[in-house]
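I opened a fresh page for this one and will jot things down as I look them up. Here is the structure I have on screen.

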Amino acid sequence: MAQENVSEYFLNWLISTPDFVFFKDTNGVYREISNSVLDLADVNSKEEVIGKRDIDLYSEEVAKAFIEQDRIVTETKANLFCEDWVIHKTVGKMLIETLKSPAYDKDGNFVGIQGVSRNITGRYNLNKKIQKVESELKAIFKTLPSMVWIKDLEGRYMHANNHYQKYFDIDIKEVNGEKVLDVLHEKNMITPENLVELRELDNEIIKTREMSSIVIPINMDNKERWLEIIKAPIILEDGTISGIFGTCEDITERKNYDVMMKVAKDKAEEASRAKSEFLANISHEIRTPMNGIMGFVQLLESTNLDNEQKDYLKEISSSSKILLSLLNDLLDLAKAESGKLVVENAPFDLYDALDTSVSFAKSSILNKPVIIKCIKDKNVKCNVVGDEVKFKQVLNNLINNAIKFTEKGEIKISAILSSEDAENIEVLFKIEDTGIGIKQEHLSKIFQSFTQADASTTRKYGGSGLGLAIVKNIVEKMGGQVKVESHYGIGSIFSFTMKFKKDLN
């Protein structure tokens with residue numbers, strides 16, 4: 001390439017470059033400039049700059065700074081980097097970064113100063129914002145209420161906040177560069193086993209690139225404390241992992257509370273089991289003489305009695321039956337609560353069992369103006385395998401309740417296919433009545449032991465409040481659910497599902 005072309009390209013660059021390029025002679029007079037200098041000096045033509053000094057173009061303060069820089073370059077004959085604030089008439093304050101260097105002629109004689117400047121105001125403002133964000137993040141990091149630290153991939157301390165340093169009694173300046181786990185181990189805070197666990201956790205985090213946690217005991221002043229530690233990899237924008245970020249919390253009080261709660265729970269369960277066993281045992285003990293009393297009542301009824309004696313026996317018989325029913329309920333409840341409720345599996349006809357319960361219910365209505373209806377889904381396969389006795393117990397209990405609380409109207413008993421497959425069948429049973437209903441505030445506790453809707457119900461209709469609790473236990477034991485819907489003064493709908501195996505024989 002010819003020298004003339006090189007010079008032409010250089011001149012074109014000099015004209016078009018956004019940087020401020022200039023040459024000053026030994027007297028500080030501008031001899032050549034790039035076009036961009038016109039904008040810096042806020043003038044319209046080169047003629048307004050060429051032949052002028054800094055004092056002619058800039059404020060006195062800026063001009064003095066430029067002259068001092070030129071003096072240094074002239075004396076040292078060395079390059080000089082400098083930054084100066086310049087007041088631009090239109091833009092305002094501008095930060096200018098300049099490289100000044102000595103200029104020589106072809107014979108090696110010093111002939112002046114050449115320089116390149118550029119406006120770095122934007123970069124300066126950006127750096128200030130970055131520094132502000134960094135300062136805020138450091139302040140947040142230091143004052144976080146949680147214990148927080150950062151270590152490199154070798155496990156060496158990089159940062160730790162104030163709470164961490166105070167808790168572990170370390171000064172980050174003293175341990176900076178040391179391995180975190182080694183420091184804690186040397187202070188006898190963690191055992192060798194814990195040391196291995198924590199190192200394995202770090203390796204797992206780096207390998208999986210995912211957050212992980214661990215709970216370990218530590219020794220603090222010869223007292224055991226428990227820490228929950230959560231660690232996560234620090235992943236940079238390019239995908240590389242630069243270190244591990246960790247936070248931990250002393251959960252000693254929480255752990256002690258959990259232990260206390262477990263002990264209390266175990267004691268409560270043991271007490272509940274003891275209560276259930278007591279109820280079961282006492283029910284058995286009382287039922288034996290009660291059966292004896294009822295037997296002798298039946299024998300007395302076969303003898304010659306006057307009318308008054310017959311009335312007495314009738315009251316004794318009625319009271320004995322009520323007491324025996326209560327004992328049976330207590331025994332069933334005790335079995336359910338102690339986990340001793342056994343579900344039998346034997347073939348039976350589902351609808352035969354349903355018809356038996358309905359027939360018994362119709363015979364017990366007495367003189368009430370109540371109609372009992374039974375609706376059976378034809379899609380239900382009646383030959384099933386299950387516990388017929390407990391099925392009837394649930395059904396009879398709910399039907400008897402409906403009869404007890406319904407003075408007039410109707411009771412509708414429905415059996416509806418809920419679901420089935422090749423081997424199993426689930427049936428939904430509903431008992432709907434037009435009785436007194438249940439207030440909404442009492443629905444949530446209706447299946448609790450010894451509970452009825454309210455005290456007035458017990459006084460008027462009697463009952464122990466055990467029936468529905470037993471129903472719930474049996475239904476759930478047989479893989480179903482029991483529900484209630486009710487509107488006070490209108491009636492109630494009790495429904496339950498039961499699962500049975502199909503009798504394929």
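I start with a definition, as I will need it for the pair Arg254 and Glu228: a salt bridge is a side-chain nitrogen of Lys or Arg within 4 Å of a carboxyl oxygen of Asp or Glu. I also note that this is a predicted model.

**Entry 1: salt bridges**

I checked Arg254 against Glu228 and found the closest N and O atoms 3.4 Å apart, a salt bridge. Arg254 sits in helix H10 (residues 252-301) and Glu228 in strand E9, so the pair links distant parts of the chain, 26 residues apart. For exposure, I read 40% relative accessibility for Arg254, which counts as partly exposed. Glu228 is partly exposed too, with a relative accessible area of 23%.

How many salt bridges does a search of the whole structure find? I get 25.

Next I looked up Glu97 and Arg123, whose side chains meet in a salt bridge at 3.0 Å, N to O. Glu97 belongs to strand E4 (residues 92-104) and Arg123 to helix H5, so this salt bridge ties together parts that are 26 residues apart in sequence. I noted Glu97 as partly exposed at a relative accessible area of 24%, and Arg123 as partly exposed at 42%.

A further pair is Glu410 and Lys373, with 3.2 Å from N to O in their salt bridge. Here strand E14 supplies Glu410 and strand E12 (residues 370-376) supplies Lys373, so parts 37 residues apart in sequence are tied together. Glu410 is partly exposed at 27% relative accessibility, and Lys373 is partly exposed with a relative accessible area of 40%.

I also found a network of salt bridges that links Lys24, Asp54, Asp70 and Lys100.

**Entry 2: the sheet with E1 to E5**

In what order do the strands of this open sheet run? I read E2-E1-E5-E4-E3, five strands with antiparallel pairing. Strand E2 (30-33) and strand E3 (80-88) are at the edges with a single partner strand each, so one side of each has no neighbour in the sheet. The twist averages 30° from one strand to the next.

I then looked at one pairing inside this sheet. Strand E1 (residues 20-25) pairs with strand E5 (residues 110-119) in the antiparallel sense over six bridges. Phe20 stands opposite Ser117 in E5.

Which helices lie across these strands? Helix H4 (residues 60-76) lies across E1, E3, E4 and E5, at about 165° to E3. H5 lies across E3, E4 and E5, at about 120° to E4.

**Entry 3: the sheet with E6 to E10**

I moved on to another open sheet of five strands, in the order E7-E6-E10-E9-E8 with antiparallel pairing. Its edges are strand E7 (157-160) and strand E8 (212-220), each with a single partner strand, so one side of each is left without a neighbour in the sheet. I noted that neighbouring strands here are turned by 25° against each other on average, direction ignored.

E8 and strand E9 (residues 223-235) run antiparallel and are joined by nine bridges. I looked up one contact in that pairing: Asn219 has Glu224 in E9 as its bridge partner. Strand E9 is also where I placed Glu228, the partner of Arg254.

For the helices, H9 (residues 192-208) lies across E6, E8, E9 and E10, running at about 155° to E8. Helix H5 (residues 121-143) turns up again, lying across strand E6 (147-152), E7 and strand E10 (241-250), at about 120° to E6.

**Entry 4: a patch by H5**

I searched for nonpolar surface and found a patch of about 350 Å², made by Val133, Leu137, Ile140 and Leu144. Where does Leu144 lie? I find Leu144 in the loop between H5 and E6. At 32% relative accessibility, Leu144 counts as partly exposed.

**Entry 5: E14, E15 and E17**

Last, I followed the later strands. Strand E14 (residues 409-420) pairs with strand E15 (residues 424-433) in the antiparallel sense over nine bridges. The two form a hairpin, with three residues between them. Ser419 has Glu426 in E15 as its bridge partner.

E15 also pairs with strand E17 (residues 491-502), antiparallel over nine bridges. In that pairing, I noted Phe494 in E17 as the bridge partner of Ile431.

Definitions and conventions: Residues are numbered from 1 along each chain as its sequence is written. This is a predicted model: local features need pLDDT of at least 70, side-chain atom pairs count only at pLDDT 80 or more; totals for chains, interfaces and linings use all residues. Side-chain values use heavy atoms; hydrogens and water are left out. Two strands pair if DSSP finds at least two bridges between them. Helices (H or I, at least four residues) and strands (E, at least two) are DSSP runs, numbered from the N terminus. Axes are lines fitted to C-alpha atoms, for helices over the stretch in contact, and angles run from 0 to 180 degrees between N-to-C directions. Contact means heavy atoms within 4.5 Å. Buried means under 20% relative accessible area, exposed over 50%, partly exposed in between (1.4 Å probe, protein chains only). Patches are made of residues with over 30% relative accessible area and no salt bridge: like charges are joined within 9 Å, nonpolar side chains (Val, Leu, Ile, Met, Phe, Trp, Tyr) within 5 Å. Accessible areas come from the Shrake-Rupley method with a 1.4 Å probe; for residues, only the protein chains shown count as cover.
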